[in-house]
Structure formats: C-alpha cells, structure tokens
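This briefing introduces a structure to a reader who has not met it before. Please keep the sequence and the model in view while reading the points that follow.

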Amino acid sequence: MIGSYVAVGDSFTEGVGDPGPDEAFVGWADRFAVLLADRRPEGDFRYTNLAVRGRLLDQIVAEQVPRVARLAPDLVSFAAGGNDIIRPGTDPDEVAERFERAVAALTAAAGTVLVTTGFDTRGVPVLRHLRGKIATYNGHVRAVADRYGCPVLDLWSLRSVQDRRAWDADRLHLSPEGHTRVALRAGQALGLRVPADPDQPWPPLPPRGTLGVRRDDVHWAREYLVPWIGRRLRGESSGDHVIAKGALSPDDIKVRIAAVA
C-alpha cells in the first residue's frame, strides 16, 4: 500500500507526447500515480513529478535527487541516462557507474526505487544504430537493480511499443496510448493487478504504400529531426525554460486525462 510516490527523470517521465488540456503533459508517471492512488483511501496519497525534459543524468542527480531525500517517499521511479546514451561518444559503462551512485542515494531516501530500462529502438530511424549501446546500458541497469533490490520497469521487452501508434509524431516520445501502456507495465513491475494488459495487440492497420511512407519520413525530418539537430548544434535543450510539474493531485490528473480523451 504505497502512500507516496515521486517520479524522477527526463522527458519520458515528464510525459512529453501525452498532452493535457493545458501547456503541461500527462505521461506514464502521472497515469501510474492514479493507479496507485486508487488503492488508497481517498485523499491519502501524495504524488510529485520532478522530471524535466532534456535533462542529463548528472543534472537529474543534482536537481531532483536532493528533493527526493527531503520528501522521503514510499516509492520513487528513476528513469535516467537515456539522453546521455544517445550522445555521440558516451560510454554506457561509465554512465552506468554514475547511475549506480544515484540509485544508492535514492535507496537511502525512499522505501522502494523503481528503475527503468531503455526501449528497444529497432524501429526508431534516428536511434536504430544505438540499439547495441542501449542494450549494454540496460544490462547494467538490471545488474544495479539486483544489487540494490530494485524492481525493474523493463521497457525493452514491452512488445506493444514497437507499433508506430505507441509513439508521438516526433518518433522520440510516446503517444498517450504508449504512455498508458508503460503505466500498466509499471504496475506489473510492482506486482499490482492492473486493469488491462500493456502488451495487448493493437487493431490491424491497413497497409501503407511506399509513397506514403516516404512522404511521412520527409515531413518528420523537416518538422522534428532538423530542429532537434539544430538545438544540439547550438547547445540548447528543450527543457531550458521548463519547470517540473511538482506536487499533483490524482483527482486533478484524472480530470486532465478525461479532458483530452
């Protein structure tokens, strides 16, 4: 019976790709918080989302981990290192060492630390070549989880997110349905009974012709890939002026989800 939960991380945990009725996003962590709150008496659950898009592992450790220590929650989810891994020249072994130090600090501050693996990027054009690097990092994450007794939110094995409908138009962040499936998988990682199977097959799609695929690829490159590269070259981050969502009411999250459903 988890009475308090803090979500730590980057754009994945902030919920980018799962828009609410305002400027903020919802995302898997907010949806997961609702699943947890529904198992508590009304009003007897605290949730805080500290995640900010674009954050690197060391930034997450510096900005968010100290706040976890002050909140001392029953549960903290820790999804970090992905932005480091996709940077050219980074060493997944070295990133994993810093990841482990962060897990050690979090386990001293929270009752349970839920760690997260990276996705299998076989179907993501701009990240496909990093699949081996991500798999190496995932191996370290699982080893760290074993050493510290952490449950693992294993996204690599979540087959349903290999469908393009699980992803936002930018092909880098999950869609609302993709976030929903991750929230369900998080519940499973903690041994909870969840209301639906996160790996439930998608309805079949009509086949797409080669021309349509190429047109979509050109649109994606123009609208998302080129601006992303531009930010990298300028040393900018999508989260430079973003403030974490902070404390959220599960009832308010339900209202925001319903508003865009």
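A residue counts as buried when its relative accessible area is under 20%. By that rule Tyr-137, at 5% relative accessibility, is buried. The model is a predicted one, and the points below take up its aromatic pairs, one strand and one acidic residue.

**Aromatic pairs**

- The count of aromatic pairs comes to 8.
- Trp-28 and Phe-32 form a stacked pair, with 6.2 Å from centre to centre and 25° between the planes.
- Both belong to helix H2 (residues 28-37), where they are 4 residues apart and therefore separated by about one helical turn.
- Trp-28 is buried, with a relative accessible area of 0%, and Phe-32 is likewise buried at 0%.
- Phe-99 and Tyr-137 make an edge-to-face pair, at 5.9 Å centre to centre and with 75° between the planes.
- Because Phe-99 lies in helix H6 (residues 92-109) and Tyr-137 in helix H7 (residues 131-148), this pair ties together parts that are 38 residues apart in sequence.
- Phe-99 counts as buried, its relative accessibility being 1%.
- One aromatic cluster is formed by Tyr-5, Phe-12, Trp-28, Phe-32, Tyr-47, Phe-119 and Trp-167.
- Arg-181 lies over the face of Trp-202, 4.3 Å from the ring centre.

**Strand S1**

- Strand S1 covers residues 4-9, and 6 of its 6 residues are buried.
- In a regular strand, side chains alternate between the two faces of the sheet.
- In S1 both faces are covered: Ser-4, Val-6 and Val-8 are buried on one side, and Tyr-5, Ala-7 and Gly-9 on the other.
- S1 pairs in the parallel sense with strand S2 (residues 46-49) over 4 bridges, and Asn-49 in S2 is the bridge partner of Ala-7.
- S1 also runs parallel to strand S3 (residues 75-79), to which 5 bridges join it; in S3, Ser-77 stands opposite Ala-7.

**Asp-154**

- Asp-154 is found in the loop between strand S5 (152-153) and helix H8 (176-189).
- Asp-154 is buried, because its relative accessibility of 18% falls under the 20% cut-off.
- The Asp-154 side chain makes polar contacts with two other side chains: that of Arg-142 at 3.1 Å and that of Ser-157 at 3.2 Å.
- With neighbours within four places in sequence left aside, Asp-154 is in contact with Thr-117, Arg-142 and Arg-185.

Terms used:
Residues numbered from 1 in each chain as written. Predicted model: local features only at pLDDT ≥ 70, side-chain atom pairs only at ≥ 80, totals over all residues. Heavy atoms only, no water. Helix = DSSP H or I, 4+ residues; strand = E, 2+ residues; numbered from the N terminus. Buried < 20%, exposed > 50% of the residue type's maximum accessible area, 1.4 Å probe, protein only. Polar contact = N/O pair within 3.5 Å; in protein donor to acceptor, adjacent residues only side chain to side chain. Contact = heavy atoms within 4.5 Å. Pairing = 2+ DSSP bridges. Phe/Tyr/Trp six-rings, centres within 6.5 Å; stacked < 30°, edge-to-face > 60°. Lys NZ or Arg CZ within 6 Å of the ring centre and 35° of its normal.
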